[in-house]
Amino acid sequence: MVQTALPWFSNLAGRSFTLPWGDPLTWILFGGTLGAVVLLAGIYPAILMAGFKPLEVLRGSGPGSSGSGNGARSALRQSLVVAQFAISVTLLICTVVIGQQLSFIQNKDLGYERSNIFSFEIGWRQFHALGKERGKSMLSSLEQSLRQSSAIAEVSRASDSPVHLESTHSGSIEFDGLPEGSEPTVTKLNADEHFADLFQLELAEGRWFEAGNSSDADNVLLNETAARELGLPQPWLGQRFSIYGSQGRVIGVLRDFNFLPLQERMTPLVIYNSADWRGNYFVKTLPGQSSKALAAAETAWKQWFPERPFEFTFLDEDFNKMYQTEQRAGMLFILFASIAIFIACLGLFGLATFVASQRTKEIGIRKVLGASVAGITGLLAKDFLKLVVIAIVIASPVANYFMQKWLADFAYHIEIRWWMFAIAGAAAVAIAFLTVAFQSVKAALANPVVSLRSE
């Protein structure tokens with residue numbers, strides 16, 4: 001089963017797993033596990049059987065009757081069921097919390113549009129190989145070719161993607177009021193005049209770069225975090241701001257948008273407008289026209305780079321890739337929670353079968369006295385449900401601790417709510433009830449005459 005499941009599990013975990021059949025350690029592990037399981041599973045009943053006293057058994061005071069020894073054994077059985085269900089409920093709660101966090105990530109308003117947008121890149125080496133002037137001509141020509149397609153709504157060029165801006169800068173930033181010797185670090189983005197419209201970025205004040213406005217080659221826009229944390233004097237608009245030696249002004253302040261993974265807090269962002277090289281193309285397609293737009297982009301690409309394959313990604317795919325670890329964690333928790341619940345239910349089913357057989361006479365007497373099937377079923381089931389409730393009480397603070405630690409890695413995350421514990425607890429109770437219901441109903445439906453005669 002392990003060998004068969006390995007390819008699927010490797011794909012789920014994002015790593016390659018193999019069983020080294022030629023390694024002696026593998027066989028030692030298998031043999032040791034087999035021996036340990038046989039020993040642990042067999043030693044308890046062996047000791048129990050060896051301790052039987054025939055006279056006590058014939059008198060009805062042996063195993064299965066009341067007594068301190070049987071009480072200890074009953075406590076052991078119940079403790080094992082509680083431990084198994086506590087593990088299961090912990091995994092269930094973790095699964096619910098991870099699922100809610102992933103849903104929060106997918107549905108959070110990031111402050112920019114990413115649907116129906118794909119991107120491709122002209123690398124610096126490709127640009128440099130053409131020469132500076134021919135390279136500029138190529139960038140402009142490629143953009144114009146894209147705009148001629150009826151399937152394309154907008155085209156923009158920038159130095160990086162808003163899904164994950166990683167480029168930072170410090171050392172050349174200057175503005176009035178900057179403390180002497182201070183070298184603040186900012187995230188930087190070189191974007192053209194179409195970038196804000198394509199991604200539907202929202203301005204808090206001011207304006208975006210304008211086509212044909214030569215002064216905008218030196219001007220910048222800041223996000224709200226940059227305007228606040230850099231200590232820029234107010235009013236922010238019109239303030240002198242220099243980056244890379246330019247002598248420009250702040251012409252706009254953007255509403256903060258999440259250009260980093262949600263694990264990271266918002267950082268200062270400076271957007272400037274340098275036409276020298278912006279190798280990332282962003283193409284917004286009309287709804288349902290993605291295939292046609294991609295074909296137009298590939299045709300334009302082949303005009304300049306016929307020997308290179310056309311490679312592209314959709315922004316939604318880029319966004320989801322950043323959270324593959326969390327998605328895999330969610331799937332793994334679902335998998336292991338299912339396995340843990342299955343094992344716990346096996347133990348609970350065995351315990352229910354054992355208890356039902358031990359209470360055969362009691363059930364027969366209750367039926368003779370007029371007890372209903374539902375009443376007897378509830379009588380038998382409630383004792384097991386108590387164990388599950390105890391497991392929920394134990395599991396809840398444990399799961400809360402680990403999930404609080406996990407969520408702390410996200411700068412933006414959900415709050416753990418009571419209903420997440422309620423859902424996991426209700427699922428555990430329902431599964432436990434269905435597990436014991438079969439044996440309980442079977443015992444309740446048994447003929448009381450047969451039950452009493454057997455005693």
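Which residue in strand 10 is the bridge partner of Leu221? The partner is Ile271. This report, on a predicted model, describes the surroundings of strand 10 and then a nonpolar patch on the surface.

**Strand 10 and its neighbours**

Strand 10 comprises residues 269-272 and is covered on both faces. In a regular strand the side chains alternate between the two faces of the sheet. On one side of strand 10 lie Leu269 and Ile271, on the other Val270 and Tyr272, and all of these residues are buried. Strand 10 pairs with strand 5 in the parallel sense and with strand 7 in the antiparallel sense. The table sets out these two pairings.

| Strand paired with strand 10 | Sense | Bridges | Residues that stand opposite or bridge |
|---|---|---|---|
| Strand 5 (residues 186-190) | parallel | four bridges | Thr187 opposite Leu269 |
| Strand 7 (residues 220-223) | antiparallel | three bridges | Leu221 with Ile271 |

Leu269 and Ile271, which lie on one side of strand 10, thus appear in both rows: Leu269 stands opposite Thr187, and Ile271 is the bridge partner of Leu221.

**The nonpolar surface patch**

A nonpolar patch on the surface is formed by Leu39, Ile43, Tyr44, Ile47, Leu76 and Leu80, which together have about 570 Å² of accessible area. Helix 2 (24-50) and helix 4 (68-107) are the elements that each give two or more residues to this patch. The most comes from helix 2, with four residues. Tyr44 is located in helix 2. With a relative accessible area of 35%, Tyr44 is partly exposed, whereas Tyr272 in strand 10 is buried.

Note on methods. Residues numbered from 1 in each chain as written. Predicted model: local features only at pLDDT ≥ 70, side-chain atom pairs only at ≥ 80, totals over all residues. Heavy atoms only, no water. Patch = residues over 30% accessible without salt bridge, like charges linked within 9 Å, V, L, I, M, F, W, Y side chains within 5 Å. Areas by Shrake-Rupley, 256 points an atom, 1.4 Å probe, with all protein chains shown as cover. Salt bridge = Lys/Arg side-chain N within 4 Å of Asp/Glu carboxyl O. Buried < 20%, exposed > 50% of the residue type's maximum accessible area, 1.4 Å probe, protein only. Pairing = 2+ DSSP bridges.
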